[in-house]
Amino acid sequence: MAKPIREITIVGGGTAGWMAAMLLQTGLQQGRKLKITLIESPDIATVGVGEATVPNMPRTLHQCGISERDFFRTCNASFKLGVDFTDWNRDRAGKPISYINPFARPPALGHQELGVYYSDLGAGPLDFVQTYTPTVDFIRACRAPRMSGAGEFDQKLKIGYAYHLDAGKFAGLMQKTCTEAGVRHLRDNMQDVELDDRGYVAALQLERSGRHPVELVIDCTGFRGLVINKALNEPFVSYSRYLANDRAMAVQIPHRDKQKLEPVTRSTALGAGWSWRVPLYNRIGTGYVFSSAHRTDDEARDEFLAHLGPDAKDAEPRVIPMRIGRNRRAWVKNCVALGLAGGFIEPLESTAIHMIDMSVRWLTTYFPDSDFAPPLRDHFNRLTDRMYDEVRDFIVLHYALGNRTDSQYWIDARETLEVPDRLAELLETWRYALPGPLDLPKAVLFDHSTYQAVLLGKRVYETGYGRGKLARGTRLDAAQWKSYLGQMRAQVKQKVEVACDHRSYLAEMRGEI
Ligand code: FAD
């Protein structure tokens, strides 16, 4: 007869391991006498990157009892209002285009999508994103999504936001939260995995502590996938036919401007990939994600350091090989793989931590008993596959609609690599009509309005992708659009005026001024 599971074993003490421990401890514990043990190698370092997030983080921290103040102080965190894409596309004159992907959704105007108004009637000098959110203006003015006034320093402004954080310090904060709440932390090396006669994981062999019996194991061992791939032989499904980048290099640099702090992740296209720039409170994390088929490590290093200029004087970037794709199944027998052990898609939209978060929530919802009922496992796996495919398609979109011809990498990224079938079909439709609300059912992260922001941000309809005028069935009211834009811009101006300066707000929160 099926019995409740009494112990969860997590192997790996990176962001995935500690986030799993923290969410399971807070999400599952009520009413259960559940022991959680996290085993972390004292010898193998974490990947040490992964410092930009998406807007689920405020909710996650709150749920786990971590105050924003503690988080900002401990993790040298800053606000992130969106991602800036520079030089992914070029305009008709060959000049680099820059656009922001914000954490905001456009409202409808009457019964019509705002994107339709914008693409049909234009908005003067405004980008599409500026027609529905103050995000771009906040980024330019280095504002935090908080306002001072009426004695309420912390009053929130309605603007979507996430955080930048120091990955090592965030793991430390989660570790403290978990161990205080009763999670057992073993610093030990897993040396072997013992399987029972059904092929389930029966125990782990640890270097110092010996045999550790297992009921449910969560594999968070990073790209190694020691339990899911090495012990259980679950195949890894590579996404290399869709995405070329398979290496990264990372380095930390100081802030040049000590006064201003930009609340944005920047992604700048280079010759064989793109460079991220994540401004934390005390330093900037930056790196180059590139394709080894188009650059050796030395070539990539030279190109990256030239891009950083004097900021990177004496810098020695660390090279990180990346395995891009996902396991055929995320949950196999009594093992669930999370984080890099489960899969990874290049970090263009900073989704990996969010994917860990979502997976743990699904595991909590479909938590098994000792019989590991297959329908629970199968459903979890379907949800996970769908999430990976959704993120993959959205990332592929950025390359498929690139129009650079100045290096073989950009030509290959657009013309040689495959586009997943569903996306290929949609891309044909979107030549004639903007992405619509029914185009992407069941989207967890990227709905049609996010796709609109990318297409209009890249200005694809001005540079050859679109086929003439976009389709629409209804008449647009130009006067209504003009009046909407006027009101919207007045509100934006007012919000920028009352919002706190980003750096000063964080300094005050940290008790430094
Ligand atoms: P790791 O950090 O590699 O941790 C693995 C753990 O397993 C370590 O504690 C190690 O000690 C342990 N371990 C390994 N072997 C053993 C053993 N034998 N016994 C015991 N323990 C063992 N994500 C985002 O959300 N936003 C981003 O901006 C972002 N940028 C990224 C940029 C790059 C270049 C890369 C590669 C990733 C990025 N990610 C990003 C992803 C993010 O870094 C990871 O999802 C996250 O750090 C989780 O890593 P992990 O815990 O799975 O693996």
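Colleague: Hi! Where is the place of Arg-326?

Modeller: Hello! In this predicted model, Arg-326 belongs to strand β22, which covers residues 325-327.

Colleague: Buried or exposed, that Arg-326?

Modeller: Arg-326 counts as buried, at 12% relative accessibility.

Colleague: What does the side chain of Arg-326 make a polar contact with?

Modeller: With the side chain of Asp-385, at 3.4 Å. Leaving out residues up to four places away in sequence, Arg-326 also touches others, including Phe-236, Val-237, Tyr-239, Tyr-388 and Asp-389.

Colleague: Thanks. Switching to the ligand: how many residues surround it, and which are the closest?

Modeller: The ligand is surrounded by 32 residues, and the closest are Gly-13, Ile-44, Ala-52, Leu-340 and Ile-353.

Colleague: What do the backbone atoms of Gly-13 and Ala-52 lie close to on the ligand?

Modeller: For Gly-13, a backbone N or O atom sits 2.8 Å from an oxygen atom of the ligand. Gly-14 has a backbone N or O atom 3.5 Å from a ligand oxygen. With Ala-52, a backbone N or O atom is 2.7 Å from a nitrogen atom of the ligand.

Colleague: And how much of the ligand does the protein bury?

Modeller: The protein buries 97% of the 1,000 Å² that the ligand exposes when taken alone.

Colleague: Which elements give two or more residues to the shell around the ligand?

Modeller: Those are α1 (15-28) and α9 (352-365). Helix α9 gives the most, with 3 residues.

Colleague: New topic, the nonpolar core. Which residues touch the most other members in the largest one?

Modeller: Phe-71 and Leu-397 do, in a core of 154 residues. Helix α10, residues 374-400, gives the most to this core, with 11 residues.

Colleague: What does Leu-397 touch?

Modeller: Not counting residues up to four places away in sequence, Leu-397 touches Leu-423, Leu-427, Trp-430, Tyr-451, Val-454 and Leu-455. Another core of 18 residues lies apart from the largest one, and Met-190, Val-217, Ala-231 and Ala-341 are among its members.

Colleague: Last thing, cysteines. How many disulfides does the structure hold?

Modeller: The structure holds 0 disulfides. Cys-75 is in none, and the nearest cysteine sulfur, in Cys-64, is 13 Å away. Cys-75 is also buried, with a relative accessible area of 0%.

Colleague: Why is there no bond for Cys-500?

Modeller: Because the closest cysteine sulfur, in Cys-142, is 14 Å from the sulfur of Cys-500, too far for a bond. Cys-500 counts as buried too, at 6% relative accessibility.

Note on methods. Residues numbered from 1 in each chain as written. Predicted model: local features only at pLDDT ≥ 70, side-chain atom pairs only at ≥ 80, totals over all residues. Heavy atoms only, no water. Disulfide = S-S within 2.5 Å. Buried < 20%, exposed > 50% of the residue type's maximum accessible area, 1.4 Å probe, protein only. Core = buried A, V, L, I, M, F, W, Y, C linked by side-chain atoms within 4.5 Å. Helix = DSSP H or I, 4+ residues; strand = E, 2+ residues; numbered from the N terminus. Contact = heavy atoms within 4.5 Å. Polar contact = N/O pair within 3.5 Å; in protein donor to acceptor, adjacent residues only side chain to side chain. Near = heavy atom within 4 Å. Areas by Shrake-Rupley, 256 points an atom, 1.4 Å probe, with all protein chains shown as cover.
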